[in-house]
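Subject: Structure handover

Hello,

Here is the structure I promised you. Please open it next to this email and follow along as you read.

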Amino acid sequence: MSAQPDTLLESPDSPLDKPPASGSGPLRVVPVRRTGQWAAAAAVVLLLAMAVNSAVHNDAFQWAVVGDYFTSAAVLRGLGLTLWLTGLVTVLGFALGTLLAVLRLSANPVLRHVSRGYVWLFRSVPVLVQLLFWFNIGALYPRLGLGIPFGPEFLTVRTTNLLGPIAVAVIGLTLHEAAYAAEIVRGGLLSVGKGQTEAAQSLGLGPWRRLRRVVLPQAMRAIVPPAGNLLIGTLKGTSIISVIAVQDLLYSVQLVYHRTYQVIPLLLVATLWYIAVTSLLGVGQHYVERHYGRGTADAR
């Protein structure tokens, strides 16, 4: 059986073999016109310029007052407490959240359901309600005791003397953050292929070493972005503790403008500090993501 010629490639009528029409010359490349995009960009720039001009020339902002109080001692003390509380709550929240995530993935049904119930409860109750509940815990449990269940107590403490406003803020924010951190860590652990764990198990690595040396380093690529968002949310969420008279950044500026009645400039002081710290955290998150994304196409 003789081979048939390829009619597509050898046909004299193929458009690939036709010479260009005489007198046509080289093809002219016409750039795509993006009139709508440029018009939208010009409108956005115009609106931004108008907003900046309004903020600069509006005397109600009182930028001189903002400059006077921006680095005042009271504001810096409040900022320091906000940063300390954010760091402590983040560390404790992710430590508890990691434990809850591991329990959620456990083969033990009791541990699995306890972890699921914790996440359901603390994600269902607003953080303000949790703070107010812990702040008034003395009305529900005037004293706490340590001893034999249903037997004598060896140690008792009064809750009214045990939990101050800062302790209430740490407990309430940590328990709230742990519920969200648990889901972030669980999602990261589930993103690692099962074959990685099986390969590590075949090498004789124990459960803790498998988690620490194999699973977690790969899971961090999926954990870091939402964890960074949660950290920034925690920074801004600490402002809610002003309702229980904890002298954070917002409560510090409130104390000042309750005395001077300069509400707008003092709120701008708090706003600018939140923007500055959030921007620094965003830069740090970018480099952490690049570190754990090495060797992938998304590591930019």
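The count of salt bridges comes to 2. Keep in mind that this is a predicted model. One salt bridge joins E183 to R104, with the closest N and O atoms 3.2 Å apart. Look at where the two partners sit. E183 lies in helix α9 (residues 165-190) and R104 in helix α4, so this pair ties together parts that are 79 residues apart in sequence. R104 is buried, because its relative accessible area is 16% and buried means under 20%.

The other salt bridge is between the side chains of R186 and E183, at 2.9 Å from N to O. This one stays within a helix. R186 and E183 are 3 residues apart in helix α9, so about one helical turn separates them. E183 appears in both pairs. Together, R104, E183 and R186 are linked in a network of salt bridges.

Now the overall picture. The protein has 13 helices and 2 strands. Of its 300 residues, 29% are buried. About 19600 Å² is exposed, and carbon and sulfur atoms supply 66% of that area. Next, take the contacts between residues at least 6 apart in sequence. Of these, 69% join residues at least 24 apart.

Helix α4 gives you a good example of such a link. V89 is found in helix α4, which covers residues 73-104. Is V89 buried or exposed? V89 is buried, with a relative accessible area of 0%. Which residues does V89 touch, leaving aside neighbours within four places in sequence? The contacts are V170, L173, T174, E177 and T234. There is also a distance to check in your viewer. V89 and A169 are 80 residues apart along the chain, and their C-alpha atoms are separated by 9.1 Å.

Follow one of those contacts, T234. T234 is found in helix α11 (residues 207-237). T234 is buried too, with a relative accessible area of 9%. Not counting residues up to four places away in sequence, T234 touches T86, V89, T90 and E177. So E177 is on the contact list of V89 and also on that of T234.

Move on to helix α5. L121 has its place there. L121 is partly exposed, with a relative accessible area of 40%. L121 and H176 are 55 residues apart in sequence, yet their C-alpha atoms are 9.4 Å apart in space.

Then come the aromatic rings. How many aromatic pairs does the structure hold? There are 4. In one of them, the rings of Y118 and F122 have centres 4.4 Å apart and planes at 35 degrees, so the pair is tilted. Y118 and F122 are 4 residues apart in helix α5 (residues 109-124), which puts about one helical turn between them. Y118 is buried, at 16% relative accessible area. F122 is buried as well, at 14%.

F133 and W134 form another aromatic pair. Their ring centres are 5.8 Å apart, the planes meet at 80 degrees, and the pair is edge-to-face. F133 counts as partly exposed, at 44% relative accessibility. W134 is also partly exposed, at 22%.

F133 takes you to the surface. A nonpolar patch of about 1000 Å² is made there by F133, L140, Y141, L144, L146, I148, F154, L155, V157 and L162. Strands β1 (143-147) and β2 (153-158) each supply at least two residues of the patch. Which element gives the largest share? That is β2, with 3 residues. V157 lies in strand β2. At 31% relative accessibility, V157 counts as partly exposed.

Finish with the two strands. β1 and β2 run antiparallel and are joined by 5 bridges. In one of these places, R143 has R158 in β2 as its bridge partner. The strands form a hairpin, with 5 residues between them. Find F150 in the turn: its phi is positive, at about 60 degrees. One rule helps when you look at the strands. In a regular strand, side chains alternate between the two faces of the sheet.

Best wishes

Definitions and conventions
Residues are numbered from 1 along each chain as its sequence is written. This is a predicted model: local features need pLDDT of at least 70, side-chain atom pairs count only at pLDDT 80 or more; totals for chains, interfaces and linings use all residues. Side-chain values use heavy atoms; hydrogens and water are left out. Patches are made of residues with over 30% relative accessible area and no salt bridge: like charges are joined within 9 Å, nonpolar side chains (Val, Leu, Ile, Met, Phe, Trp, Tyr) within 5 Å. Accessible areas come from the Shrake-Rupley method with a 1.4 Å probe; for residues, only the protein chains shown count as cover. A salt bridge is a side-chain nitrogen of Lys or Arg within 4 Å of a carboxyl oxygen of Asp or Glu. Buried means under 20% relative accessible area, exposed over 50%, partly exposed in between (1.4 Å probe, protein chains only). Two strands pair if DSSP finds at least two bridges between them. Contact means heavy atoms within 4.5 Å. Rings of Phe, Tyr and Trp (its six-membered ring) pair if their centres lie within 6.5 Å; planes under 30 degrees apart count as stacked, over 60 as edge-to-face and the rest as tilted.
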